[in-house]
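Could you walk me through this protein in my viewer, one selection at a time? I would like to know what to pick next and what I will find there.

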Amino acid sequence: MKESKFYKFIRIIVVFLTRTIFRPKIVGVNNIPSSGRVILAGNHTSYFDCLLLMCACRRNIHFLAKCELFTGVKGLLFSNLELIPVDRKNGGGDAFNFAKKYLEEDKVIGIFPEGTTSNDGKMLPFKRGAVCMSYDCKSLIVPFCITGKYGFWSRPRIVFGKGYKAGSDDVSLENEILREKILSRYTKR
């Protein structure tokens, strides 16, 4: 599949607005490969997190997003941005298979393993998607951690860690490894 021209156009606007309004600090962006299959996986603090990732990564990111967002004008926008709808009530199996197709074409998947935003700043338990996709598709996971707030008086910060591949089909073990890699970014400068 060809990369979406609409995504590239929207990304120009997103980068300008995100850098102007939020002035994010982006660290370790060189850990995102310029080609090949990649899963960007990290904590989810706000709906603005996707904009921050788009600002940091030059490649088209195919985000997994809850299917409730795909209605009306938003649905049209998200479909044209090639987001992948996830039916969380039914386990998200279709989304998982669709994301794997993108990975097989050496694309980038953006996923928040918590499955939703955390209101209190504590990381929620992880869903299985990121590590299963990495193991099944032999895809690199690039862990990231977002800290700080989105606003004029505070700056969000995103730190990307070194990429790695899930080494086993033990979802609990692999999620613990991913969680530790994300949490270790909190202290990295």
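Which residues lie nearest the centre of the largest pocket? Select Leu-64, Ala-65, Lys-66, Val-86 and Phe-112, and you have them. Keep in mind as you go that this is a predicted model.

**Stop 1: around the largest pocket**

Now widen the selection to the lining of the largest pocket, which has 37 residues. The volume here is about 1000 Å³. Colour the lining by class and you will find 23 nonpolar residues, along with eight polar and six charged ones. To see which elements contribute, show helix H1 (5–21), helix H2 (49–56), strand E3 (61–66), helix H3 (72–80), H4 and H5: each of them supplies at least two residues of this lining.

**Stop 2: H1 against H2**

Stay with two of those lining helices, H1 and H2. Their axes are 9 Å apart, and the angle between them is about 105 degrees. Since angles of 65 to 115 degrees count as roughly perpendicular, H1 and H2 are therefore roughly perpendicular to each other. Show side chains on the H1 side for Tyr-7, Ile-10, Arg-11, Val-14, Val-15, Thr-18 and Arg-19; they meet Leu-51, Met-54 and Cys-55 in H2. By class, this contact has seven nonpolar residues, one polar and two charged.

**Stop 3: H4 against H5**

Next, select residues 93–104 for H4 and residues 129–137 for H5. How far apart are the axes of these two helices? They are 10 Å apart, and the helices pack at an angle of about 45 degrees. H4 and H5 are therefore oblique to each other, and the crossing of H4 past H5 is right-handed. To light up the contact, pick Phe-96, Ala-99, Lys-100 and Leu-103 on H4, then Gly-129, Cys-132, Met-133, Asp-136 and Cys-137 on H5. Six of these contact residues are nonpolar, one is polar and two are charged.

**Stop 4: H5 against H6**

Keep H5 on screen and add helix H6, residues 171–184. This pair packs at about 105 degrees, with axes 9 Å apart. That makes H5 roughly perpendicular to H6. On the H5 side, choose Ala-130, Val-131 and Cys-132; their partners on H6 are Val-171, Glu-174, Asn-175 and Leu-178. The contact divides into five nonpolar residues, one polar and one charged. Cys-132 is worth a label, as it takes part in the contact of H5 with H4 and in the contact of H5 with H6.

**Stop 5: the second largest pocket**

Finally, select Thr-45, Ser-118, Gly-121, Gly-148 and Lys-149, which lie nearest the centre of the second largest pocket. There is about 250 Å³ of space in this pocket, and 17 residues line it. What classes do the residues of this lining divide into? Nine are polar, four are nonpolar and four are charged.

Methods
Residues are numbered from 1 along each chain as its sequence is written. This is a predicted model: local features need pLDDT of at least 70, side-chain atom pairs count only at pLDDT 80 or more; totals for chains, interfaces and linings use all residues. Side-chain values use heavy atoms; hydrogens and water are left out. Axes are lines fitted to C-alpha atoms, for helices over the stretch in contact, and angles run from 0 to 180 degrees between N-to-C directions. Helices (H or I, at least four residues) and strands (E, at least two) are DSSP runs, numbered from the N terminus. Angles under 35 degrees count as roughly parallel, over 145 as roughly antiparallel, 65 to 115 as roughly perpendicular and the rest as oblique. A crossing is left-handed if the near helix is turned anticlockwise from the far one by less than a right angle, and right-handed if clockwise. Contact means heavy atoms within 4.5 Å. Ala, Val, Leu, Ile, Met, Phe, Trp, Tyr, Cys and Pro count as nonpolar, Asp, Glu, Lys and Arg as charged, and the others, Gly among them, as polar. On a 1 Å grid over the protein atoms alone, a cavity is a set of points where a 1.4 Å probe fits but cannot get out, and a pocket is an open set with protein on both sides within 12 Å along at least five of seven lines; lining residues have an atom within 4 Å of a point. Grid points are joined across faces, edges and corners, and a volume is the space filled by probe spheres set on the points.
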